[in-house]
Amino acid sequence: SEAGLDTACVATLLPAVTALYEDKQWRVRQAMLSFTPRIARELGERMFMSTVGPACLKMTTDNVCAVRQSAGHVLRSLCEVLGPEWSREHVYQHITKLAEHKSYLNRIAALLCVSALHETGDNQVVSDDDCCEIFVPVVRELASDRVPNVRFNAGSAAVTMWKRLPTTTAEAELGCIFLGLEQDDDNDVKFFAAQAVKSLKS
């Protein structure tokens, strides 16, 4: 109800709800993501993280790309609902761990999340300071990853971040990323970087 869920209702429903985050049908998992911000708002930070929160974070590395992409956007919504302190403790740390993972798919997942968190909109969920102190180093590191697709996604994340930051800050913090990618050995990465630079300067 709009007034909230009573304790008995929560106790009854949460096990079933949590199980749906791991349903074998990916569309079910994706559908559950769409309900997650409302669930977090109803439960509050503590109960959310003791129940469905970890399952939601885990979906950033789902084996279906569409679910991974949706999870990144849901993390942005959760940051809005649960606030900056929760975001730093849970979301930002989760992303930095993904960025260091041995699986290149997890490193790409980190970059998808970075892009989602920095998309322009009415509500900015990442402060400029957090962007520069936490996420710029992540993107810089992954821009020199051994896997071309990771470097490509690092460039994409850098574009999104650039559009969010003041121009002088973006140039100082992210300019070196594009300089490197424009000299990349992979033709697709090099082409993307050149187009990105042209677009950002226009």
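This short talk walks through one predicted model, beginning with a central helix and ending with a pocket.

Let me begin with helix H6, which covers residues 104-117 and so gives us 14 residues to look at by the definition of a helix used here. From its first C-alpha to its last, H6 reaches 20 Å, and that is close to the 20 Å expected at 1.5 Å a residue. How many of the residues of H6 are buried? The count is 11 of the 14, so this helix is largely enclosed by the rest of the structure. If you would like to find them on the screen, the buried residues of H6 include Asn-106, Arg-107, Ile-108, Cys-113 and Leu-117. As for what surrounds them, the buried residues of H6 pack against helix H5, which spans 65-99, and also against H7 and H8.

Leu-117, which is one of those buried residues of H6, leads us to the nonpolar core. The largest nonpolar core has 65 residues, and the members that touch the most other members are Tyr-21, Phe-48, Leu-117 and Val-139. Which element gives the largest share of this core? That is H5, with 13 residues. Leaving out residues up to four places away in sequence, Leu-117 touches Leu-75, Arg-76, Cys-79, Val-91, Tyr-92, Ile-95, Val-125, Val-126 and Phe-135.

Staying with helix H5, please look at Ser-87, which has its place in that helix. Is Ser-87 buried or exposed? Its relative accessibility is 0%, and because buried means under 20%, Ser-87 counts as buried. Once its neighbours within four places in sequence are set aside, Ser-87 is in contact with Cys-79 and Tyr-92, and Cys-79 and Tyr-92 are also among the residues that Leu-117 touches.

Next come two residues in loops. Asn-63 sits in the loop between helix H4, residues 53-58, and H5, and at 67% relative accessibility Asn-63 counts as exposed, because the cut-off for that word is over 50%. Asn-63 and Leu-105 are 42 residues apart in sequence, while their C-alpha atoms are 9.2 Å apart in space. Beyond its neighbours within four places in sequence, Asn-63 is in contact with Arg-29 and Arg-68.

The second loop residue is Arg-146, and you will find it between helix H7, residues 128-142, and helix H8, residues 148-164. With a relative accessibility of 66%, Arg-146 counts as exposed. Measuring nothing by hand, but reading from the model, we have Arg-146 and Tyr-104 at 42 residues apart in sequence and 9.2 Å apart in space, C-alpha to C-alpha. Setting aside its neighbours within four places in sequence, Arg-146 is in contact with Lys-102, Arg-107 and Arg-151, and Arg-107 is one of the buried residues of H6.

Now consider another arginine, Arg-164, which is found in helix H8. Arg-164 has a relative accessible area of 12%, and it is therefore buried. Which residues does Arg-164 touch, not counting those up to four places away in sequence? They are His-118, Thr-120, Gln-124, Val-126, Ser-127 and Asp-128. With Ser-127, the separation is 37 residues in sequence and 9.8 Å in space between the C-alpha atoms.

Finally, let us turn to the second largest pocket, whose volume is about 180 Å³. Helix H9, residues 167-181, and helix H10, residues 187-201, are the elements that give two or more residues to its lining. H9 gives the most to the lining of this pocket, with five residues. Among the lining residues are Trp-162, Thr-167, Glu-171, Phe-178, Val-197 and Lys-201, and by class the lining has five nonpolar, two polar and three charged residues.

Helix H10 is also the place of Phe-191, and at 56% relative accessibility Phe-191 counts as exposed. The C-alpha atoms of Phe-191 and Cys-65 are separated by 24 Å, and along the chain these two residues are 126 residues apart.

Technical notes: Residues numbered from 1 in each chain as written. Predicted model: local features only at pLDDT ≥ 70, side-chain atom pairs only at ≥ 80, totals over all residues. Heavy atoms only, no water. 1 Å grid on protein atoms, 1.4 Å probe; cavity = no way out; pocket = protein on both sides within 12 Å on 5 of 7 lines; lining within 4 Å. Points joined across faces, edges and corners; volume = space filled by probe spheres on them. Helix = DSSP H or I, 4+ residues; strand = E, 2+ residues; numbered from the N terminus. Nonpolar A, V, L, I, M, F, W, Y, C, P; charged D, E, K, R; others polar. Buried < 20%, exposed > 50% of the residue type's maximum accessible area, 1.4 Å probe, protein only. Contact = heavy atoms within 4.5 Å. Expected span 1.5 Å × (residues − 1). Core = buried A, V, L, I, M, F, W, Y, C linked by side-chain atoms within 4.5 Å.
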